[in-house]
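Let's work through some exercises together. Try each task on your own before you read its solution.

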Amino acid sequence: MDRDTKGLFAPLDINGRIVKNRLAVAPMTRITATADGRATETMTRYYERFARGGFGTVITEGIYTDQAFAQGYIHQPGMTDEAQAKAWRPVVNGIKAHGAVAIAQMMHAGAISQGNRFRDSTVGPSAIQPKGNQMTFYHGKDRYAVPAAITEEQIADAIAGFAGSAVRAIHLAGFDGIEIHGANGYLLDQFLTDYANDRTDRWGGTTENRVRLIVEAFKAVRAKVGNAVPVGVRISQGKVNDYHHKWAGAERDAEIIFGSLGDAGADFIHVTEFEAWKPAFAEHGPSLMRLAKRYAPKAAIFANGSLHNIEQAVAALGDGADVVTIGRGALANPDLPKRLLDRHALDEFDPAILGPIADIKDTELTM
Ligand SMILES: Cc1cc2nc3c(=O)[nH]c(=O)nc-3n(C[C@H](O)[C@H](O)[C@H](O)COP(=O)(O)O)c2cc1C
């Protein structure tokens with residue numbers, strides 16, 4: 001493997017946390033928690049091997065944030081009480097033991113929840129049936145339910161859920177930082193998405209209004225965890241139930257979305273596209289990571305999307321990204337950073353790794 005990967009191994013300071021390299025594990029739901037949302041020994045071993053394999057940062061799967069409407073999947077882990085938070089401790093210790101930074105992803109599923117042990121019904125910005133079908137992969141079937149339009153009081157509860165869970169993640173579980181899941185079609189992204197949100201109040205209409213809930217969730221988390229903790233937000237155009245969605249306002253939307261997160265003080269913004277290097281809108285225009293850097297210049301930009309293509313990962317560092325996050329490539333190569341350093345070839349992603357999801361093979365665990 002003859003490529004110059006030096007740039008991927010430069011350290012970076014993210015609000016006082018030094019990440020030892022630019023390679024991070026992307027958040028990946030694995031539905032391997034107990035039925036009541038506690039992290040398991042299998043998860044400890046699953047996460048630890050990425051840190052042992054040299055990743056500088058490990059971002060967890062989406063963790064649900066309240067005991068009302070946040071849970072998306074059966075066997076998804078939560079951070080909603082002390083027992084759930086403390087169950088993460090061995091996971092976090094395992095990540096940190098190898099010098100990696102541990103970031104907890106906070107997620108509210110909203111209208112695309114397909115498994116919630118606290119509720120049979122869902123909420124979204126508006127009573128609009130989500131596009132697409134539930135993921136069979138995560139034990140779903142058929143269409144998503146039509147959500148109830150979330151009330152002001154429930155919005156306040158959802159925001160408080162993000163903030164309370166973030167505090168538990170930092171103080172009880174020991175995480176280094178927080179990522180708010182504002183992407184991929186979950187509640188915060190539903191508010192941002194024009195066709196999912198027809199509210200006429202301050203949470204709907206203009207892009208400034210539709211991004212407000214993401215910003216408010218960020219501010220509430222920041223207020224609770226303080227300025228010294230790295231807090232970031234994940235943003236996407238595409239969704240698990242609508243891969244090809246594009247922001248109607250194109251670069252002007254990017255300016256509003258990334259600009260408001262930058263102004264609010266996001267330490268990092270994590271953008272995800274199918275192929276991170278592709279133009280975000282027009283055929284020859286800038287990538288989403290470039291736009292994030294342009295409009296939030298003080299935030300570290302985490303870029304995601306097929307960056308197991310290492311030439312593209314290296315190139316991303318010159319196109320606005322500060323850190324590259326790797327999903328499928330990390331499942332196939334939990335020791336991807338070590339392989340790069342040792343100039344060993346990478347394994348191709350085999351979708352069989354994902355099924356059955358809760359069964360991580362011992363051979364994978366010993367890598
Ligand atoms: C099994 C699996 C589970 C995922 N779960 C999450 C998740 O919980 N939160 C999230 O933000 N993205 C999730 N993603 C998306 C990944 O973070 C990433 O965006 C996607 O895999 C594309 O990156 P890649 O090309 O490096 O794989 C998941 C992806 C996979 C393959």
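Below are four exercises, each with a worked solution.

The model is predicted, so local features need pLDDT of at least 70 and side-chain atom pairs count only at pLDDT 80 or more, while totals for chains, interfaces and linings use all residues. Residues are numbered from 1 along each chain as its sequence is written, and side-chain values use heavy atoms, with hydrogens and water left out.

**Exercise 1. The surroundings of the ligand**

Task: Find how many residues surround the ligand, and sort them by class.

Solution:
- Step 1: Begin with the rule: a residue is near a molecule or strand if one of its heavy atoms lies within 4 Å of it.
- Step 2: There are 19 residues around the ligand. The closest are Pro27, Thr29, Asn304, Ser306 and Arg328.
- Step 3: For the classes, Ala, Val, Leu, Ile, Met, Phe, Trp, Tyr, Cys and Pro count as nonpolar, Asp, Glu, Lys and Arg as charged, and the others, Gly among them, as polar.
- Step 4: The shell then divides into 6 nonpolar, 10 polar and 3 charged residues.

**Exercise 2. Contacts and cover of the ligand**

Task: Look at Pro27, Thr29 and His181, and state how far an N or O atom of each is from a ligand oxygen.

Solution:
- Step 1: A polar contact is a pair of N or O atoms within 3.5 Å; within protein, one must be able to donate a hydrogen and the other to accept it, and residues adjacent in sequence count only if both atoms are side-chain atoms.
- Step 2: Pro27 uses a backbone N or O atom, which lies 2.7 Å from an oxygen atom of the ligand.
- Step 3: In Thr29, a side-chain N or O atom is 2.5 Å from a ligand oxygen.
- Step 4: For His181, the distance from a side-chain N or O atom to an oxygen of the ligand is 2.9 Å.
- Step 5: Now the cover: the ligand alone exposes 600 Å², and the protein buries 86% of that (areas by the Shrake-Rupley method with a 1.4 Å probe; for residues, only the protein chains shown count as cover).

**Exercise 3. Two residues with positive phi**

Task: Locate Asn184 and Ala250, and decide for each whether the residue is buried, partly exposed or exposed.

Solution:
- Step 1: Helices (H or I, at least four residues) and strands (E, at least two) are DSSP runs, numbered from the N terminus.
- Step 2: Asn184 is in the loop that joins strand 8 (177-181) and helix 5 (187-192). Its phi is positive, about 60 degrees, although Asn184 is not a glycine.
- Step 3: Buried means under 20% relative accessible area, exposed over 50%, and partly exposed in between (1.4 Å probe, protein chains only). Asn184 is buried because its relative accessibility is 13%.
- Step 4: Ala250 belongs to helix 8 (residues 250-264). This residue also has a positive phi, about 45 degrees, without being a glycine.
- Step 5: With a relative accessible area of 25%, Ala250 is partly exposed.

**Exercise 4. Sequence and space**

Task: For the pairs Ile353 and Leu331, and Gly265 and Trp277, set the separation along the chain beside the C-alpha distance.

Solution:
- Step 1: Ile353 is in the loop between helix 12 (336-342) and helix 13 (362-365). At 15% relative accessibility, this residue is buried.
- Step 2: Ile353 and Leu331 are 22 residues apart in sequence, and their C-alpha atoms are 7.3 Å apart.
- Step 3: Gly265 is in the loop between helix 8 and strand 10 (268-272). Its relative accessibility is 28%, so Gly265 is partly exposed.
- Step 4: Gly265 and Trp277 are 12 residues apart along the chain, with 25 Å between their C-alpha atoms.
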